[in-house]
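Thanks for coming, everyone. Let me put the structure up and walk you through it.

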Amino acid sequence: MLLTKLQIEQHNEALLKQHQRNFEFVSGCIPNADALIKKLIDFQVAIPSWALGNGGTRFGRFAGKGEPSTLEQKLEDVGLLHQLNRSSGAISLHIPWDIPKDAGALKQLAAQLDLKFDAMNSNTFQDQPGQQLSYKFGSLQHVDKAVRQQAIDHNIEVIKYGKELGAESLTVWLADGSCFPGQLNFRKAFNNTLDSLGIIYDALPDNWKMFVEYKAYEPNFYSTTVGDWGQSYLFASKLGDKAYTLVDLGHHLPNANIEQIVALLLNEKKLGGFHFNDSKYGDDDLTVGSIKPYQLFLIFKELVEGMDARGMDHTKDLGWMIDASHNVKDPLEDLLQSVEAIKIAYAQALLVDPKKLEAAQQNNDVVLAQELLQGAYRTDVRPLLAAARLKAGAALDPIGLYRQLKVREQLVKERGEHAVATGL
Ligand code: RM4
Ligand code: MN
Ligand code: MN
């Protein structure tokens, strides 16, 4: 289901006066509001194809209604999000959950919806029906060369699908590790993984990047072979210039200082991409900014500072993606909230005055440094985001319009109550 231009315009018309009042109030205190709005318009966040249906936990899954049951419908859902916020102009596919059967037709549909294909994701953390060898004891790390080869071949096939669609990166997240002490020789597991990744790396087209994603634990509970940013950094450095670390916000041990990790990876030119979500306990995959919005802001502050220090383009030099699971909310509303939270944190980070902060740091003025950060964080930037949406032809209130037009009800009518999406 797609919206008409008129539907968006009528919605905006009704909210315009209130928006203008809010905007004037905030923009008066911001020196470069126009430049900031331009940056907000340009900043796009990719939507994962596996998160358009309701997710679940290992205790169960409570299905939603009207989920997209084909890849085409998934693209349509992301296209709809993009119409509502003009900030979700890309989709990231997971193989084999979303094998593109007709790449040409999909590319055409994506172009109609103004979507790009973001990073391709491989899956060697599950066994698929009919699969010859099992990944129960790992994939790229496996003691058996034949299993490693099967996992390598899968990744190379994923690159092939991505090439057909015009994607330019491969994200490798491995569940490889061990559940009990003694189960694994850590050095051998590392070296097997490095050799396997090396073969995949060699199959990358010249303009592609490889993102090596790390995660502390789960599904393995004793060791994970790419368990933290240090291990990912080792792989990425040994593989070469096209390999980078990918930071998923939910993949750290409690209280990890993610903003510091991000700053150092950027400094080493090894930060490649991001998976946004939020968590309280582990890899909870909750809505971005729903639990620790200040941490999200601090991460963005490091991203902006680190990217600017290296003259990087905020919009395309790092891969920005949501990686969340929607257990109790409507996935489309949840994704709208996540994109909004990301852009709020980005806008607030842009408000930090780098010169003033540097002077405070040089003078060891701890109080002023905190004032500068929290002054930016406590600014209500939502009218700036709304102004960016208005300018880009999106809705002033995306969730409001989604509800007003009863989009989910329409999707249920089109797709039926029991349509189930592949994915998490
Ligand atoms: C993992 C990890 C990966 C994602 C899968 C579905 O925990 O975050 O990025 O592809 O989940
Ligand atoms: Mn992830
Ligand atoms: Mn995860």
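**Aromatic pairs**

The structure holds 17 aromatic pairs. Take one of them, Tyr-294 with Phe-297. This pair is stacked, with 5.8 Å from centre to centre and 20° between the planes. A pair of aromatic rings is described by the distance of the centres and the angle of the planes. One thing to keep in mind throughout: this is a predicted model.

Where do Tyr-294 and Phe-297 lie? Both are in helix α9, residues 293–309. They sit three residues apart, about one turn of the helix. Is Phe-297 buried or exposed? Phe-297 counts as buried because its relative accessible area is 0%, and the cut-off is under 20%. Tyr-294 has 26%, so it is partly exposed.

There is also an aromatic cluster. Its members are Phe-43, Phe-274, Phe-276, Phe-300, Trp-320 and Tyr-346. Keep Phe-274 and Phe-300 in mind for the next part.

**The cores**

Now the inside. In soluble globular proteins, nonpolar side chains tend to be buried together. Here the largest nonpolar core has 103 residues. Which of them touch the most other members? Leu-75, Met-210, Phe-274, Phe-300 and Leu-303 do. Helix α10, residues 331–351, gives this core its largest share, twelve residues.

Apart from that core lies another, of nine residues. Phe-297 is one of them, and so are Leu-357, Ala-360 and Ala-369. That is the Phe-297 of our stacked pair.

Back to Leu-303. Setting aside neighbours within four places in sequence, Leu-303 is in contact with Val-262, Leu-266, Leu-271, Phe-274, Leu-318 and Trp-320. Phe-274 and Trp-320 are both in the aromatic cluster.

**Three buried residues**

First up is Gly-319, in strand β10, residues 319–322. Gly-319 is buried, at 15% relative accessible area. What does Gly-319 contact, leaving out neighbours within four places in sequence? Gly-272, Gly-273 and Phe-274. Now compare positions along the chain. Gly-319 and Glu-371 are 52 residues apart there, and their C-alpha atoms are separated by 31 Å.

Next, Leu-113. Leu-113 lies in the loop between α4 and β3, the strand at 116–121. It is a loop residue, and yet Leu-113 is buried, at 8%. Beyond neighbours within four places in sequence, Leu-113 is in contact with Leu-2, Leu-75, Glu-76, Gly-79 and His-82. Leu-75 is one of the residues that touch the most other members of the largest core. From Leu-113 to Thr-287 is 174 residues in sequence, and 24 Å in space, C-alpha to C-alpha.

Last of the three, Ser-196, in helix α6, residues 186–202. Ser-196 is buried, with a relative accessible area of 1%. Leaving aside neighbours within four places in sequence, its contacts are Leu-140, Arg-148 and Ile-152.

**Out on the surface**

Some nonpolar residues are on the surface. Tyr-217, Phe-221 and Leu-253 form a nonpolar patch there. Together they have about 320 Å² of accessible area. Tyr-217 sits in the loop between β6, 209–213, and β7, 223–224. How accessible is Tyr-217? Its relative accessible area is 33%, so Tyr-217 is partly exposed.

**Backbone details**

Now the backbone. Most residues other than glycine have a negative phi, and most peptide bonds are trans. This model has some exceptions to show you.

Which residues does a cis peptide bond join here? Ile-95 and Pro-96, with omega about 15°. Pro-96 is in the loop between β2, 90–94, and α4, 103–112. A cis peptide bond also joins Glu-218 and Pro-219, with omega about 10°. Pro-219 is in the loop between β6 and β7. Tyr-217, from the surface patch, is in the loop between β6 and β7 too.

Then positive phi. Asn-255 has a phi near 70°. Its place is the loop between β8, 243–248, and α8, 258–267. Is Asn-255 buried or exposed? Asn-255 has 81% relative accessibility, so it counts as exposed.

Asn-364 also has a positive phi, near 50°. Asn-364 is in the loop between α11, 354–362, and α12, 366–377. At 65% relative accessibility, Asn-364 counts as exposed.

That's my tour. Over to you for questions.

Key. Residues are numbered from 1 along each chain as its sequence is written. Chains are lettered from A and ligands numbered from 1 in the order in which they are written. This is a predicted model: local features need pLDDT of at least 70, side-chain atom pairs count only at pLDDT 80 or more; totals for chains, interfaces and linings use all residues. Side-chain values use heavy atoms; hydrogens and water are left out. A nonpolar core is a set of buried Ala, Val, Leu, Ile, Met, Phe, Trp, Tyr and Cys residues joined through side-chain atoms within 4.5 Å. Buried means under 20% relative accessible area, exposed over 50%, partly exposed in between (1.4 Å probe, protein chains only). Helices (H or I, at least four residues) and strands (E, at least two) are DSSP runs, numbered from the N terminus. Contact means heavy atoms within 4.5 Å. Patches are made of residues with over 30% relative accessible area and no salt bridge: like charges are joined within 9 Å, nonpolar side chains (Val, Leu, Ile, Met, Phe, Trp, Tyr) within 5 Å. Accessible areas come from the Shrake-Rupley method with a 1.4 Å probe; for residues, only the protein chains shown count as cover. A salt bridge is a side-chain nitrogen of Lys or Arg within 4 Å of a carboxyl oxygen of Asp or Glu. Rings of Phe, Tyr and Trp (its six-membered ring) pair if their centres lie within 6.5 Å; planes under 30 degrees apart count as stacked, over 60 as edge-to-face and the rest as tilted.
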